[in-house]
Amino acid sequence: DVFVNLSVKSLERSVKFFTGIGFSFNQQFTDENGTMMIINNNASAMLLTEKFFQSFTKKPVGDAAKSPEIIIALSAVSRDDVDDMAGKVKKEGGKIVDNFVQLDGAMYGIRFEDLDHHLWEVFYMDMQAIPK
């Protein structure tokens with residue numbers, strides 16, 4: 001299993017954004033300091049307030065608006081799912097920063113910033129179209 005920890009400026013605002021683009025949360029692991037966002041059966045993201053996140057490290061919390069610290073990539077079932085997510089991200093106030101087609105068209109995706117400027121990718125990979 002994979003657990004990603006992300007600092008957020010406003011837990012309430014982040015939960016609203018990620019709920020709006022289709023994610024759910026495990027209330028068993030939710031309090032005023034953070035919440036567990038379910039990505040899939042094997043991956044979750046812990047959205048942690050900056051103050052609580054800071055308690056995990058002696059290094060200063062970075063400013064994702066100025067310097068990316070991670071790009072979280074999620075696979076989609078189809079190109080339509082990628083486009084659907086792009087629409088949801090825009091509707092909820094996220095920012096699409098890139099649309100991409102790679103590997104001779106076999107990979108199709110978007111890259112977006114959430115409300116705290118963390119970078120995410122949603123992509124579809126057509127394994128039959130990958131050049132051999």
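In which loop is Val61 found? In this predicted model, Val61 sits in the loop that runs between helix H2 (50–54) and strand E5. This residue makes a friendly starting point for a tour of the structure. Val61 is partly exposed, with a relative accessible area of 25%. Leaving aside residues up to four places away in sequence, Val61 touches Ser7, Glu50, Phe53 and Gln54. Thr49 is 12 residues away from Val61 along the chain, and the C-alpha atoms of the two are separated by 11 Å.

From this one residue, the view can widen to the whole protein. There are three helices and eight strands, and along the sequence they follow the pattern β-α-β-β-β-α-β-α-β-β-β. The C-alpha atoms fill a box of roughly 45 × 30 × 30 Å along the principal axes. For 132 residues, a compact globule would have a radius of gyration near 14 Å, and the value for the protein, 16 Å, agrees with this. Of the 132 residues, 39% count as buried. The accessible surface comes to about 8,100 Å², and carbon and sulfur atoms contribute 52% of it. Among the contacts with a separation of 6 or more, 50% join residues that are 24 or more positions apart.

The next stop is a sheet. In general, the strands of a sheet pair through backbone hydrogen bonds, either parallel or antiparallel. Here, an open sheet of four strands has the order E5-E8-E7-E6, and its pairing is mixed. Strand E5 (71–75) and strand E6 (95–102) stand at the edges with a single partner strand each, so one side of each is left without a neighbour in the sheet. On average, and with direction ignored, neighbouring strands of this sheet are turned by 20° against each other. E6 and strand E7 (residues 107–113) run antiparallel and are joined by seven bridges. Within this part of the sheet, Asp98 stands opposite Arg111 in E7. Helix H3 (residues 79–91) lies across E6, E7 and strand E8 (119–125), and runs at about 15° to E7.

Charged side chains add another layer to the picture, as the structure holds six salt bridges. One of them links Glu121 with Arg111, whose closest N and O atoms are 2.5 Å apart. Glu121 lies in strand E8 and Arg111 in strand E7, so this pair ties together parts that are 10 residues apart in sequence. Are these two residues buried or exposed? Both Glu121 and Arg111 are buried. Asp98 belongs to the group as well, since Asp98, Arg111 and Glu121 are linked in a network of salt bridges. Asp98 and Arg111 are thus met twice on this tour, as residues that stand opposite each other and as members of the network.

Helix H3 has a salt bridge of its own to show. Asp84 forms a salt bridge with Lys88, and the closest N and O atoms of the pair are 3.4 Å apart. The two residues are four positions apart in helix H3, which means that about one helical turn separates Asp84 from Lys88. Asp84 is partly exposed, with a relative accessible area of 41%, and Lys88 also counts as partly exposed, at 30%. A further salt bridge is formed where the side chains of Lys91 and Glu92 meet, at 4.0 Å from N to O. Lys91 is exposed, with a relative accessible area of 70%.

The tour closes with two loops and their backbone angles. Most residues other than glycine have a negative phi. Which value of phi does Asp104 have? The phi of Asp104 is positive, about 55°, although this residue is not a glycine. Asp104 lies in the loop between E6 and E7, and counts as exposed at 72% relative accessibility. His117 is another residue other than glycine with a positive phi, here near 75°. The place of His117 is in the loop between E7 and E8, and at 30% relative accessibility His117 counts as partly exposed.

Conventions. Residues numbered from 1 in each chain as written. Predicted model: local features only at pLDDT ≥ 70, side-chain atom pairs only at ≥ 80, totals over all residues. Heavy atoms only, no water. Pairing = 2+ DSSP bridges. Axes fitted to C-alpha atoms, helices over the stretch in contact; angles between N-to-C directions. Contact = heavy atoms within 4.5 Å. Buried < 20%, exposed > 50% of the residue type's maximum accessible area, 1.4 Å probe, protein only. Rg over C-alpha atoms; globule rule 2.2 N^0.38 Å. Areas by Shrake-Rupley, 256 points an atom, 1.4 Å probe, with all protein chains shown as cover.
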